[in-house]
Each structure stands twice: as structure tokens, then as C-alpha cells.
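Work through the exercises below with the sequence and the model side by side, and try each task before reading its solution.

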Amino acid sequence: MPLITVTTSIGCGAMAVSQKIADDLQIEIYDDERLQQEALNMGYSSEDLKGFDEKAPGLFDRLLRRRPEIYNELMAAVIYQVAHRDQGIIIGHGATYFLKDFGCALHLRMHTTEQYRVRRLTEQLKISPDAALNMIKNRDSELKAFLDFLFQIDWNDFSLYDLVINVDKLGIDAAAEMIISLAKMESLQQCSLTALESMEKLSLLKKVEAAVMKDNINPQELLIDVPEPGVVKLTGLINPMRTVAGVTEVIKSVSGVEKVICEAERHPMAKM
């Protein structure tokens, strides 16, 4: 079954198109709410998920309240976990970036004219055209900042996508039919076993990296690898303020970790 990522913004009709695709192909849609539920199912707490949306953290959030790098790892872990199922429509959250090296994923960009977006929002939300336009500009600004902050990519770089669709010109039904036809191509029907295993290992790696950073373990000199599903290997140096056993226990507590191979040593400063 096809694995599809969608990059879009508010008012473009992407959810309506995605729903038609999902109904026809009998696959699930992973939007913001569903991805948060996936994260909870993976063992993350509701506290971990604060700010799990497409907004770049502000200065005080970065310095005082949040650890943006943790959310990047968390988001990657969830995306790879979902992608490992080899089917579904993932909307936003950098999925196109995370899965860019997997040829079995179909990457879409859905856009429309500003007039179409204003008209759609005024009808759906019962707001004025001016309010709809302000909402569009604010949301686009947030999304641009989100992608630039975490991935250093421009969402208007069309080389990121396999297909760019003007929903306004084609209409929701025709856009959905085009994507459904493309998604049924044999080359997109199934990820290889190697690709699926890579997604599984990447998901675990990102979960471990997020746990390490959340526990204030400096990861710069600690090398973390997942050589096979369920196995985490540590090499390099461990923060002198932490013990090997303590770091190992943090990693063992991560859901999905079955074995930890520790070849890392405490930093020489710990012995001074």
C-alpha cells in the first residue's frame, strides 16, 4: 500500500483531498492529532508533546521552556514509526524531509491561489475575508519558520516533491483521482524490507536521542547507533557528570530498546 507525505498550509483543501485518497485506498491519515496520539502510544507523555505543532519556538521558549532539538528527535521518531507501517498519508511535520531518501514514499505539495484559500476559510469558519487573509499569512509565516528552524529547507523548493498540485485549478475530486492513480503504481506499492528495517531503526534511534537530551546528557561526544532493531550501541565519551551505568539505564528505559551494547567510557575529566 502507498506511503504518502503532504506538505501544505491552511485553506488549500489538502485534508479534503487526502480524505478522498484515504477512503479509496483504505489507508489512514496521520494529521497533527493522530501523530500526537501515536507519540503517546510510543510512551511519550503529554508534557513531552507540548508544542508538537508546526511553529518555530520563540526565543524564550527556546531558552527557558523547551528544548527544540528534543522535539525534532521526537517528531522524527513518530514519523519513522508511522512510515514503518508502509502505508498512510502523513500531513506536515517535516515528513517529506524525514522520508526524502525512501523512494517508496510519494511526496506531495498541495497549494492554491490566495483567493481560493480566503474563500474556503470564510465558508468553513464563518469569518470575514480580512480575518481569513490574516490567518493565512500568519500560518504561512509559522510554517516557513518551522521548516527553516528545524530542517533549514524552503517549503517552496519544489525539488522536495514528486508532485505539486494546484487544488484550485484541478478541484478536489480531480486532484484526488490523479494522486490515487499515481499511488497505485507498482513502484510505490510497497517499501522494501531493507527500507522498512531502516525506518524501524531510525525511529528507535531518534527516541533514544530524545531521551538522552531530555535527561540532560550531553550527546556531542557520545555516539549512538542502532545496528539492528531493538539494539542500541554506545561508543565515544560520556559526560563526566554522568556514570556509564546511569546513561545505560536511561537508554534501557526507552520503549523498544531490548539490548544496550555500551563501549563508551566516561570522559577523562571525570577522573581528575
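Two strands pair if DSSP finds at least two bridges between them, and strands (E, at least two residues) and helices (H or I, at least four) are DSSP runs numbered from the N terminus. The model is predicted, with local features needing pLDDT of at least 70 and side-chain atom pairs counting only at pLDDT 80 or more, while totals for chains, interfaces and linings use all residues. Residues are numbered from 1 along each chain as its sequence is written, and side-chain values use heavy atoms, with hydrogens and water left out.

**Exercise 1. Trace the open sheet and find the bridge partners of its strands.**

Step 1: the chain holds 11 helices and 9 strands, and an open sheet of 5 strands has the order 2-3-1-4-5 with parallel pairing. Its edges are strand 2 and strand 5 (163–166), each of which pairs on one side only.

Step 2: strand 1 (residues 3–7) is joined in parallel to strand 4 (residues 105–111) by 5 bridges, and Thr 7 stands opposite Arg 109 of strand 4. Strand 1 also runs parallel to strand 3, with 4 bridges between them, and there Ile 4 has Ile 89 as its bridge partner.

Step 3: strand 2 (residues 29–30) is joined to strand 3 by 2 bridges, again in parallel, and Ile 29 stands opposite Ile 89.

Step 4: in a regular strand the side chains alternate between the two faces of the sheet. In strand 3 (residues 88–91), Gly 88 and Ile 90 point one way and Ile 89 and Ile 91 the other, and all are buried, where buried means under 20% relative accessible area with a 1.4 Å probe and protein chains only.

**Exercise 2. Describe the largest nonpolar core and the contacts of Met 199.**

Step 1: a nonpolar core is a set of buried Ala, Val, Leu, Ile, Met, Phe, Trp, Tyr and Cys residues joined through side-chain atoms within 4.5 Å. The largest has 36 residues, and those with the most contacts inside it are Leu 3, Ile 90, Leu 99 and Met 199.

Step 2: the elements giving two or more residues to this core include helix 2 (32–41) and helix 10 (193–214), while helix 4 gives the most, with 10 residues.

Step 3: leaving aside residues up to four places away in sequence, Met 199 touches Leu 3, Tyr 80, Ala 83, His 84, Phe 102, Cys 104 and Cys 191, a contact being heavy atoms within 4.5 Å.

**Exercise 3. Characterise the largest pocket by volume and lining.**

Step 1: on a 1 Å grid over the protein atoms alone, a pocket is an open set of points with protein on both sides within 12 Å along at least five of seven lines, and lining residues have an atom within 4 Å of a point. Grid points are joined across faces, edges and corners, and a volume is the space filled by probe spheres set on the points.

Step 2: the largest pocket holds about 560 Å³ of space. Of its 23 lining residues, Thr 8, Ser 9, Ile 10, Met 15 and Ile 91 lie nearest its centre.

Step 3: helix 1 (14–25), helix 6 (114–125) and helix 7 (129–151) are the elements that give two or more residues to this lining, and helix 6 supplies the largest share, 4 residues.

Key
Buried < 20%, exposed > 50% of the residue type's maximum accessible area, 1.4 Å probe, protein only. 1 Å grid on protein atoms, 1.4 Å probe; cavity = no way out; pocket = protein on both sides within 12 Å on 5 of 7 lines; lining within 4 Å.
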